[in-house]
Amino acid sequence: MNGKAGSGTGAGFSGKVVLVTGAASGIGRAAAIRFAEEGARVFCADLNLAGAEAVVAEIGGMAAAVPVDVADSASNRAMVQTVIDAAGRLDVAFLNAGYYGQADGLATVDEDLFDRLVAINLKGVFNGIKAVEPVIAQGGAVVVTASAAGVIGHPGNPAYCAAKHGAVGLVKSCVDAFAARGARINAICPGGVETPLVGAPDVAMVPVGDLPRVPLRGFGQAQHIAEVALWLASPAAGFVNGQAQVVDGGLLSTFAPVT
Ligand code: NAD
């Protein structure tokens with residue numbers, strides 16, 4: 001997978017128009033490259049426009065960068081309008097942008113950080129859903145990146161955890177609205193993934209003491225999450241709807257308090 005459009009293993013998204021938020025880095029970057037490899041015309045949206053442009057350059061072909069601040073509803077509408085103006089349709093929206101911040105327990109999360117975490121990780125998903133719902137194509141799919149912290153508690157960052165739980169709730173609550181348009185919506189709930197969001201592995205969201213207890217050992221890679229996003233967005237997952245798919249190497253299945 002060298003990131004050039006059309007160089008993937010198939011053309012599963014040939015002719016499809018895919019929007020990825022948070023595409024400048026980590027999971028979003030990996031997914032944008034994979035959708036392009038599968039033949040999609042990919043719009044890479046991010047607050048970091050230069051970063052999104054770099055990913056577009058990596059992809060080549062018909063990919064394009066779009067500025068967005070997912071926390072701002074008008075910015076989300078403008079992003080989607082840019083896609084429609086350029087491509088005339090939207091088949092897949094991977095609403096993936098997120099923010100973790102610097103947090104190490106309840107005492108370290110002040111009101112400003114709470115507001116920012118909710119604005120990006122919860123309201124950002126709401127804004128994205130609201131912007132894409134009116135235009136999503138028949139047979140289309142929305143995939144939201146929530147978190148394993150969207151299905152269990154996360155003492156290290158309670159506000160992030162609450163926002164990600166909210167994102168899962170939004171996904172489940174919007175199934176009917178998208179079904180009315182012949183489209184699906186699902187969430188991915190990654191465990192610890194080695195991306196800039198979590199910094200170096202020794203300052204990760206998954207406490208380092210827990211890493212040996214991930215059955216598949218240590219961190220996942222952005223590529224692991226990207227592959228699940230592609231599958232959820234594909235016709236192969238055509239009857240998968242309203243789900244919060246945990247992708248964590250098995251950590252939650254075996255999680256037990258440290259004694
Ligand atoms: P990352 O930091 O590598 O990428 C996040 C991207 O989102 C960046 O390019 C950033 O510029 C963009 N972004 C941040 N705020 C934005 C905003 N307001 N508007 C538009 N773009 C914005 O992180 P990642 O690990 O690839 O994270 C992707 C998603 O996965 C996030 O939703 C994150 O919460 C989630 N997640 C990550 C992990 C992990 O361990 N890395 C675990 C669970 C969930």
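In this predicted model, A183 occupies the loop that joins helix 6 (175-179) to strand 6 (184-190). The residue counts as buried because 24 C-beta neighbours lie inside 10 Å of A183, and the threshold for that class is 20 or more. Once neighbours within four places in sequence are set aside, the contacts of A183 are I136, G139, G140, A141, V142 and F178. A183 and Q138 are 45 residues apart along the chain, yet a distance of 5.8 Å separates their C-alpha atoms.

The surroundings of A183 can be set against the protein as a whole. The protein contains eight helices and seven strands. Of its 259 residues, 49% are buried. Among contacts with a separation of 6 or more, 71% link residues 24 or more positions apart.

One helix pair may be described in detail. Two packed helices are characterised by the angle between their axes and by the distance between those axes. Helix 3 (residues 73-87) packs with helix 4 at about 40°, and their axes are 9 Å apart. Helix 3 is therefore oblique to helix 4, and the crossing of the two is right-handed. On the side of helix 3, the residues that meet helix 4 are S73, N76, R77, M79 and V80. Their counterparts in helix 4 are N127, G128, K130, A131 and V132. By class, this contact of helix 3 with helix 4 comprises four nonpolar, four polar and two charged residues.

Helix 4 also takes part in the surroundings of the ligand. Which helices each supply at least two residues of the shell around the ligand? They are helix 1 (26-37) and helix 4 (111-132). Helix 1 gives the largest share of the shell, three residues. There are 31 residues around the ligand, and those that come nearest are G22, G26, G98, T195 and L197. The shell divides into 15 nonpolar, 14 polar and two charged residues.

The class composition of the two sets of residues is tabulated below.

| Set of residues | Nonpolar | Polar | Charged |
|---|---|---|---|
| Shell around the ligand | 15 residues | 14 residues | two residues |
| Contact of helix 3 with helix 4 | four residues | four residues | two residues |

Helix 4 thus appears in both settings: it meets helix 3 through residues including N127 and K130, and it supplies at least two residues of the shell around the ligand.

Definitions and conventions: Residues numbered from 1 in each chain as written. Predicted model: local features only at pLDDT ≥ 70, side-chain atom pairs only at ≥ 80, totals over all residues. Near = placed C-beta within 6 Å. Helix = DSSP H or I, 4+ residues; strand = E, 2+ residues; numbered from the N terminus. Nonpolar A, V, L, I, M, F, W, Y, C, P; charged D, E, K, R; others polar. Axes fitted to C-alpha atoms, helices over the stretch in contact; angles between N-to-C directions. Parallel < 35°, antiparallel > 145°, perpendicular 65-115°, else oblique. Left-handed = near helix turned anticlockwise from the far one by under 90°. Contact = placed C-beta atoms within 7 Å. Buried ≥ 20, exposed ≤ 12 C-beta atoms within 10 Å, placed from the backbone.
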